[in-house]
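Work through the two exercises below with the structure open beside you, and try each task before reading its solution.

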Amino acid sequence: MKIKSFYLLVIIIIASCKNTNTEIQTETIQKKEIDSVQLSMDANAAPFLKDPSVTSVSIGVYKNGEAHITHYGEIDPGKGNLPTDSTFYEIASITKTVTGTVTAQAVLDGKLSLDDDIRKYLKGEYKNLEYDGHPILIKHVLTHTSRLPSNNKGIDEVFKKREDSLSFKFAEIEENYTKENYFNYLQEISLDTIPGTKYQYSNVGANLMAHILETVYEKPFTSLLNKHVFDKAGMTNTKMNLTKEESKHLANGYNSDGNLMPHFPMPIKLWGAAGALKSTMPDLIKYMQYQLDSTNVVVQESHKKLYKEDATEWVGYFWRVEENDEGRYYHHHGGMFGANTYFNVFPEYKMGIVVTTNVGGGMASSVLKEVADGLLDDLKPFGKKSIMRAIAATCFEDIDSGIEYYHQLKKDKNTTYNFSDENELNKLGYKFLRKDKIKQAIKIFTLLVSEFPEAWNPYDSLGEAYFEDKSYEMSLLNYKKSLELNPENQNALMMIDKIKNLQDTSKS
């Protein structure tokens with residue numbers, strides 16, 4: 001008995017050691033994972049904060065069941081007030097994905113069908129909401145192919161003027177815009193083509209979707225958001241309207257010149273379905289976790305590909321859907337005059353990334369996108385790495401050496417880096433343009449055109465660089481080529497007219 005007891009004790013000790021070793025190994029792996037995420041967040045935030053147009057950034061990563069959040073910079077320039085987990089950000093058009101999720105619930109509940117004529121849910125005939133006998137369907141609203149206007153009446157006219165006060169004029173229109181104004185405007189709209197055939201981003205459509213959801217459920221839109229998304233995801237700090245106390249934690253928004261921008265007016269007069277939600281970083285992580293749940297049938301429905309935009313990009317229930325040889329992922333950008341957010345869900349990687357800042361405008365948006373792309377490049381568990389990031393440093397030291405390095409890597413490490421995505425070189429070219437290094441940008445865009453001679457956007461980018469260089473003949477040549485490849489390229493049409501006017505003026 002004593003011998004058996006001794007052996008039993010040895011076995012228990014060995015088993016205990018094995019368990020302890022396993023626990024230590026697990027803890028080491030987890031710590032290494034945490035460290036790698038933190039290192040990536042720190043590394044990608046650093047150059048962003050060096051950009052003079054931004055002051056703060058908050059980053060959230062959800063990977064392999066672990067949440068990681070870090071805040072950097074200061075909300076208000078010079079005040080040293082760090083954003084925190086309690087900071088509310090305006091997430092703008094990320095709101096549309098929540099609207100899409102509730103719509104997916106309505107489809108599964110049998111409350112509506114993707115092929116329903118939207119007029120089924122409107123009081124009155126609205127004979128104008130069809131083109132050549134083809135009505136707007138629910139799926140057209142969700143995929144921005146309804147041909148409804150981009151914004152409420154009067155806002156597009158404000159944008160066209162591009163005055164310094166346009167953000168405040170926008171806020172004034174939104175603050176006074178009623179549901180009566182909205183439905184009156186719907187009566188005035190005239191469609192220009194068959195719905196479902198052309199993409200045109202529409203905030204008007206997103207708000208119409210909220211009205212339809214209220215109609216079929218006979219409940220306020222905000223109640224539907226709470227019941228079908230926020231309560232299920234555990235999101236307690238994502239709201240349309242904030243209390244007086246909560247508003248103290250709403251990040252002030254700035255433009256790239258450091259000027260204070262207006263918030264989206266509260267209380268919300270319409271539905272807010274296009275972009276009026278405010279949220280905190282912990283809540284955005286919870287939303288990410290909710291969207292990564294492969295067992296959630298509502299989420300799976302909302303991720304369905306409904307409209308094909310090009311070879312790799314689709315639109316789902318307001319979600320942008322991209323698909324490549326590494327899998328499918330879902331994303332959306334939210335931009336306001338004083339805010340930018342990128343929200344990305346990567347089911348194949350079991351990971352999500354969200355980055356947000358309280359600075360609005362295209363410049364901050366571009367730089368923030370680089371933060372999100374850098375995090376993805378660092379943290380994805382498999383797949384090709386970014387060729388843009390691989391050659392960027394060399395290109396900034398010497399552009400010709402950088403391009404030579406590109407060709408060397410394409411020859412020697414074709415399977416390691418992503419050479420198939422035209423956006424890689426495009427992003428690098430715009431990094432040079434933002435820094436006013438126009439000659440270098442022209443060289444990168446010229447490389448891009450040579451790599452993707454049948455794609456329209458490289459020529460558009462090269463046309464822009466030549467325009468900035470005041471090489472108008474070369475700019476015109478490339479914009480014409482871009483338009484030839486894509487007759488729907490409105491930017492090329494606009495720039496061709498602009499260049500011709502400049503040339504006519506110089507001759508007279």
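**Exercise 1.** In this predicted model, locate Thr 143 relative to the helices, decide whether Thr 143 is buried or exposed, and list its surroundings.

*Solution.* Begin with the chain: Thr 143 sits in the loop that runs between helix 3 (138-142) and helix 4 (155-161). Next, take the relative accessible area, which is 2% for Thr 143; because buried means under 20%, Thr 143 is classed as buried. Then look for a partner of the polar side chain: a polar atom of the Thr 143 side chain lies 2.8 Å from the backbone oxygen of Lys 139, and this falls within the 3.5 Å limit for a pair of N or O atoms. Finally, leaving aside residues up to four places away in sequence, the residues that Thr 143 touches are Tyr 199, Leu 306, Tyr 307, Val 315 and Gly 316.

**Exercise 2.** Determine in which order the eight strands of the open sheet are arranged, which strands stand at its edges, and where helix 10 and helix 12 pack.

*Solution.* First, the order reads 2-1-15-14-13-12-11-10, with antiparallel pairing. Strand 2 (66-73) and strand 10 (307-308) each have a single partner strand, so one side of each lacks a neighbour in the sheet. Within the sheet, strand 12 (residues 320-324) and strand 13 (residues 327-336) are joined by five bridges, and Asn 324 has Gly 327 of strand 13 as its bridge partner. Turning to the helices, helix 10 (residues 281-291) touches strands 1, 2, 14 and 15, and its direction makes about 30 degrees with that of strand 1. Helix 12 (residues 362-379) touches strands 1, 13, 14 and 15, and its direction makes about 155 degrees with that of strand 15.

Key
Residues are numbered from 1 along each chain as its sequence is written. This is a predicted model: local features need pLDDT of at least 70, side-chain atom pairs count only at pLDDT 80 or more; totals for chains, interfaces and linings use all residues. Side-chain values use heavy atoms; hydrogens and water are left out. Helices (H or I, at least four residues) and strands (E, at least two) are DSSP runs, numbered from the N terminus. Buried means under 20% relative accessible area, exposed over 50%, partly exposed in between (1.4 Å probe, protein chains only). A polar contact is a pair of N or O atoms within 3.5 Å; within protein, one must be able to donate a hydrogen and the other to accept it, and residues adjacent in sequence count only if both atoms are side-chain atoms. Contact means heavy atoms within 4.5 Å. Two strands pair if DSSP finds at least two bridges between them. Axes are lines fitted to C-alpha atoms, for helices over the stretch in contact, and angles run from 0 to 180 degrees between N-to-C directions.
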